[in-house]
Amino acid sequence: MDLMSLTAVELGKKIQAKEVTVEEAVKAAIASIKAKEEKINSFVTIDEEGALKKAAEVQAKIDAGELKGALAGVPVAIKDNMCTEGLLTTCSSKILYNFIPTYTAEAVKRLEDAGCVIVGKTNMDEFAMGSTTETSAFGATKNPWNTEHVPGGSSGGSCAAVAAEEVPFALGSDTGGSIRQPSSFCGVTGIKPTYGTVSRYGLIAYGSSLDQIGPIAKDVTDCAAILEAIASYDTKDSTSVNRDDLKFTEALVDDVKGMKIGIPKDYLGDGLDPDVKSAILAAADELKKKGAVVEEFDLGLVEYAIPAYYVIACAEASSNLARFDGVKYGYRTKEYTDLHNMYKKSRSEGFGPEVKRRIMLGSFVLSSGYYDAYYLKALRVKALIKKAFDDAFAKYDVILGPAAPTTAPKLGESLSDPIQMYLGDIYTISVNLAGLPGISLPCGMDKNGLPIGLQLIGDCFKEKNIIRAAYSFEKTREHKRSTIAEKYSNKNTADTNKSAGAQ
């Protein structure tokens, strides 16, 4: 039996039933990573020794009856912008090439408390700035469905690792779609929770008012169980929300009868790939057949979301990334004349082009004379976008649409045109600006055999609505569950004729 073909919850049940040991599960993950990494490049760090040591500790607790949770003993990969004590954390940047944190991010700690075993840290766009995982200082991650295509970003490493069945699940972070868009491109399921639901303590900040940690897994059941494990009130995070409705697995009900689902007309217009559009509308029809009330409506303000998002995100990034100066940790230039020269050279050599672009844009919009014209205006637009969603959720339980306007582009296509890459976030960034929860799950394939993702958006703190709708839709596709192992194997066999040896 290939343990990595199981979902996280399925593997957890086998571990609890003593059919599989934690060590066997961890060794299966490590073996899968080693077999596929040369092609996929989804990891920055693999912690084989630490994972096997942790596996023994977790197994002892399971045997003693101390760990009985659904995820106990299950291997997990962590996006490399979440601090892990004693384990390299780079944000896929040269400037943090040697940074080993002295503490662990709260969301990661909660997974460890649940008995999960960290096997490594995943590749990402540098400092989460990008939509393709090509801006990483450690090389681009490839899409397991077709290695000539990107996996999306910035959580591309986490999504590719789950899609390639290197690990059963992973954690990602979502600032403007960085969980949902790569989940769409890689044919996996990912949730961006309501802002404040998961602690940001230990998450290396990009845009503090937008960032949120969430799960990436093979199905909705896994995502609900993982979200339940990591969601909590945390006094160490001033934006953390104290909620009493965190039993997300209760929403795993195949029933959407009477649920009102709205599809924004703005999401179906120009720029949407025809294959994506037909798959999204087919998904809406499936939910309609199950008794949901589905209708189109005008959401408005969609065209203003991207400029507002990039002004706010870049402004926050320029402030957050000021701390990386070569003084206390990370990369320091070898030759410098004085302190200011050391700052300048360390940052110039340590940051990549996309990060520099966003820092400069952020510094510009916060500068004297431009603050009112750009940053304050963007904040006003953000408030209007939130109001537009509030009005929509007065009528609808869930908003349905695509996660991305196209399927995964080829490697190199997006980096040559950054503006086009930014426009690819059009369906996801509004969710972050309004602090809403969203989920992306597979809903079909395009003509080239690349996955298409369905996005479901809920009102603040209404994750259960999107989980229920997603679970109900997933049930209509049970017979079409992605067989990535076969696809991956076939793709690699075909690749051998063109490139280096197969896995």
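Biologist: In this predicted model, what makes helix α2 (residues 22–40) a neighbour of the sheet, and which strands does helix α2 lie across?

Modeller: Helix α2 lies across β1, β2 and β3 (117–122), and its direction is at about 20° to β3. Contact here requires heavy atoms within 4.5 Å. Helix α3 (residues 48–63) also lies across the sheet, over β1 and β3, but runs at about 155° to β3.

Biologist: What makes the sheet an open one, and why are β1 and β8 called edge strands?

Modeller: The sheet holds 11 strands in the order β1-β3-β2-β4-β6-β5-β10-β11-β9-β7-β8, with mixed pairing. β1 (43–46) and β8 (293–297) each have a single partner strand, so one side of each lacks a neighbour in the sheet, and these two strands stand at the edges. From one strand to the next, the twist averages 30°.

Biologist: How do you know that β2 and β4 are paired, and in which sense do they run?

Modeller: Two strands count as paired when at least two bridges are found between them. Strand β2 (residues 75–79) and strand β4 (residues 169–174) share 3 bridges, in the parallel sense, and therefore qualify as a pair. In this region I78 stands opposite L171 of β4.

Biologist: Which residues touch the most other members of the largest nonpolar core?

Modeller: That core has 147 residues, and L111, F127, L171 and L456 touch the most other members. Helix α9 (residues 302–320) gives the most to this core, namely 12 residues. Leaving aside residues up to four places away in sequence, L111 touches L71, V76, I78, C116, F169, L171, I226, A229 and I230. In soluble globular proteins, nonpolar side chains tend to be buried together.

Biologist: Which residues of helix α4 are buried, and what do they pack against?

Modeller: Helix α4 (residues 106–113) has E106, A107, V108 and L111 as its buried residues. The buried residues of α4 pack against β2, β3, β4, β6 (212–217) and α7 (220–230). Just after α4, G115 takes a positive phi of about 95°.

Biologist: How do you know that C83 and C91 are in no disulfide?

Modeller: A disulfide requires two cysteine sulfur atoms within 2.5 Å. For C83 the nearest cysteine sulfur is that of C91, 7.8 Å away, so C83 is in no disulfide. For C91 the nearest cysteine sulfur is that of C83, at 7.8 Å, and C91 is likewise in no disulfide. By this rule the count comes to 0 disulfides.

Biologist: Why are C83 and C91 called buried?

Modeller: The term applies under 20% relative accessible area. C83 has 2%, so C83 is buried. C91 has 1%, and therefore C91 also counts as buried.

Biologist: Why is L423 called partly exposed?

Modeller: L423, in helix α13 (residues 418–423), has a relative accessible area of 38%. This value lies between the 20% limit for buried and the 50% limit for exposed, so L423 is partly exposed. L423 and Y310 are 113 residues apart in sequence and 11 Å apart in space, C-alpha to C-alpha.

Biologist: What makes the protein chain as compact as a globular protein of its length?

Modeller: The protein chain has 16 helices and 11 strands. Its radius of gyration is 21 Å, close to the 23 Å that the globule rule gives for 503 residues, so the chain is as compact as a globular protein of that length. Buried residues make up 60% of the 503 residues.

Definitions and conventions: Residues numbered from 1 in each chain as written. Predicted model: local features only at pLDDT ≥ 70, side-chain atom pairs only at ≥ 80, totals over all residues. Heavy atoms only, no water. Core = buried A, V, L, I, M, F, W, Y, C linked by side-chain atoms within 4.5 Å. Buried < 20%, exposed > 50% of the residue type's maximum accessible area, 1.4 Å probe, protein only. Helix = DSSP H or I, 4+ residues; strand = E, 2+ residues; numbered from the N terminus. Axes fitted to C-alpha atoms, helices over the stretch in contact; angles between N-to-C directions. Rg over C-alpha atoms; globule rule 2.2 N^0.38 Å.
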